[in-house]
Amino acid sequence: MNKKILFLTTSHHYDDDRIFYHQARELVGKGFTVKICCLCSDFQGEIDGITIEACTIIDKSIEEKRRFLEEICQNFHPHTIICSEPLAVVAASNYKKKSKVNIVYDITEWYPSNSMLRKHNFLLRPFYTLFYTLIQIYAGFLSDRFIFGEKTKRFPLSYLFWYKKQIILPYYPSKNYTHESFVPLQKDKICLAYTGQLSKEKGIGNFFRVLNELHKIRPQLQVSALIIGKPISSEDEVYFKKLIKSSSVKDIKISEPVDFRNFTQSFSEAHLCFDLRELNFENHHSLPIKLFYYMSSAKPVIYSRLKAINGHLNISDFGYLVDPEDSSIICRYIINYLENPELYQKHALNARRHFEKRCNWEAISQDFVDFIKMSR
C-alpha cells in the first residue's frame, strides 16, 4: 500500500528545513505520498514530488484555522499526520474521529516559549504559562506518537505519556546542505563569527563584550567580526546599533540571514563560531541547531554552557562551553588557540569528524522512516 503522509503546521513555512528538506524529501524518496499544509506562507502546487497547500491565515481565528486544517485532512485522506503544533494536533484528532489515522506530534519548540509569554502582561504570565502548558499536555493526550527534537524537550509529554511510542530526532543537517571550510589560523589575525538573532537574549551583547576584551588584551591583533543575522524588534535594533557604535573593533562585516542551504558558505571565512546566549530556562532546554552547521564546516565553537548541549554531546573535542558573560575566560580560550595553532587545527578537524560520523541527517534518517512506517 502506498502510504500517505500529511504534515500539518501552523507556524513553520512550507519549505521549512526540517519538514520539507529533510523529513518530507526523505519520505518521498522512500516511496511515500507526501503533502505539506501550513498557515503562514503561500504556495499551491508540487515541489520535488511533494504536494504543497500553504495559505497565510495565521492571524485568523483559531476556529477558522482549525476548520482549514480539517478540510485539508478530509481531502487528502492521510494514513499518518505529522503535526508541529497543538492546534494541528487538535485538527488531526477531529479528523481521526471520522477516519482511521495515526497522529505523530513532532515537538521541536519549547512550549510555551518566551516569545509567546512576552505578549501578555507580566503579572498574568504565570497564568498563561499554566494555560499553555495544559494545551501542550492536551495535544500530547490526543497524539499517538511523539518525535522529540532533543532530550530536554521530552518534558512533560514523555513522562506523562510514557506508554506512547517516541523517538529522539535531532536537528542534524544533511551533508548535501553543508560545506566544509577549514581556515588555517594566523598568529596576527583572527575572524570571529556570530549568526542568528541580534538580541541581548541571544547573546549579541556578550559577543561584543568578547570583541572589546580581546582588543584590549591584544591591541596588536587584527580582530575582525562576521555577523550574520538581523534584529527582530525595534528595541533589538536600537540595542545592536549601540553595540556597533561603542565597539573598539571596527572591522565588522554584517550580512542578512541566508537560506539554510547556503548558510555554511556565509561564514566560511571565519576561524571561530560563537553562540553566547543568556542562561535562562528556555535557552537551557533548547539545543542550538547552528551548532551542527558549525561542526560541518570544521569550525571550533565557543558556546554558552547549556544543559541541552551537555545532555546531547561532549564538545570538548572541538570547542568550549562557557559562562557567556565571562569575557575574560572566553578571550583566554581564543588566545590559547592563537598560541597553539595545532590545537586549533585539531579541534577544527574533530568538529568535522564528529559531524561526518554522527551528527548528520543521513545517520538518523532511516530511524525516522522506520518510525513513520510503524505508525498505523
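This briefing describes the sheets, helices, cores and some individual residues of one protein model.

The model is predicted, and its mean pLDDT is 94, with 99% of the residues reaching 70 or more. Its strands include an open sheet of 8 strands with mixed pairing and an open sheet of 6 strands with parallel pairing. Buried nonpolar residues form, among other groups, a largest core of 56 residues and, apart from it, another core of 32 residues.

**Confidence**

- Confidence is highest in strand E5 (residues 80-83), at a mean of 98, and lowest in helix H4 (residues 114-118), where the mean is 77.
- Where pLDDT is low, predicted coordinates should not be read in detail.

**The sheet of 8 strands**

- Read across the sheet, the strands come in the order E3-E4-E2-E1-E5-E6-E7-E8, and the edges are formed by E3 and strand E8 (165-168), each of which pairs on one side only.
- From one strand to the next, the twist of this sheet averages 15°.
- At the E8 edge, strands E7 and E8 are paired in the parallel sense over 4 bridges, and within this pairing Phe146 has Gln166 of E8 as its bridge partner.
- Helix H2 lies across E1, strand E2 (33-38), E4 and E5, and its direction runs at about 170° to that of E1.
- Helix H3 also packs on the sheet, where it touches E1, E5 and E6 and makes an angle of about 175° with the direction of E6.

**Helix H3 and its cover**

- Helix H3 (residues 86-96) is mostly covered, since 9 of its 11 residues are buried; among them are Pro86, Leu87, Ala88, Val89 and Tyr95.
- The cover over these buried residues includes strand E1 (4-9), helix H2 (62-76), strand E5, strand E6 (102-107) and helix H5 (125-142).

**The sheet of 6 strands**

- The strand order here is E11-E10-E9-E12-E13-E14, with strand E11 (252-255) and strand E14 (319-322) as the edge strands, each pairing on one side only.
- Neighbouring strands of this sheet are turned against each other by 20° on average, direction ignored.
- Strand E12 (residues 272-275) runs parallel to strand E13 (residues 301-304) and is joined to it by 3 bridges, and Cys273 has Val301 in E13 as its bridge partner.
- Strand E13 is in turn joined to E14 by 4 bridges, again with the two strands running parallel, and in this pairing Ile302 stands opposite Tyr320 of E14.
- Helix H13 (residues 327-339) lies across strand E9 (189-195), E12, E13 and E14, and runs at about 170° to E14.

**Nonpolar cores**

- In the largest core, the residues that touch the most other members are Phe7, Leu27, Ile36, Met295, Phe368 and Ile372, while helix H15 (residues 361-373) is the element that gives the most to this core, with 6 residues.
- Leaving aside neighbours within four places in sequence, Ile372 is in contact with Lys3, Ile5, Leu27, Phe32, Thr80, Ile82 and Val104.
- The other core, of 32 residues, lies apart from the largest one and has Ile204, Phe208, Ala225 and Ile334 among its members.
- In soluble globular proteins, nonpolar side chains tend to be buried together.

**Ser296, a buried residue in a helix**

- Ser296 is found in helix H11 (residues 290-296), and Ser296 counts as buried because its relative accessible area is 0%, which falls under the 20% cut-off.
- The side chain of Ser296 reaches the backbone oxygen of Tyr293 at 2.7 Å.
- Beyond its neighbours within four places in sequence, Ser296 is in contact with Thr178, His179, Glu180, Thr264, Arg352 and Phe355.

**Loop residues with particular backbone geometry**

- A cis peptide bond, with omega of about 0°, joins Phe155 and Pro156, and Pro156 is placed in the loop between strand E7 (145-148) and helix H6 (157-160).
- Asp48 is not a glycine, although its phi is positive, at about 55°; Asp48 sits in the loop between strand E3 (43-47) and strand E4 (50-54) and is partly exposed, at 44% relative accessibility.
- His77 likewise has a positive phi, near 55°, in a residue other than glycine; His77 lies in the loop between H2 and E5, where it is partly exposed with a relative accessible area of 49%.

Definitions and conventions
Residues numbered from 1 in each chain as written. Predicted model: local features only at pLDDT ≥ 70, side-chain atom pairs only at ≥ 80, totals over all residues. Heavy atoms only, no water. Pairing = 2+ DSSP bridges. Axes fitted to C-alpha atoms, helices over the stretch in contact; angles between N-to-C directions. Contact = heavy atoms within 4.5 Å. Buried < 20%, exposed > 50% of the residue type's maximum accessible area, 1.4 Å probe, protein only. Polar contact = N/O pair within 3.5 Å; in protein donor to acceptor, adjacent residues only side chain to side chain. Core = buried A, V, L, I, M, F, W, Y, C linked by side-chain atoms within 4.5 Å. pLDDT = per-residue confidence, 0-100.
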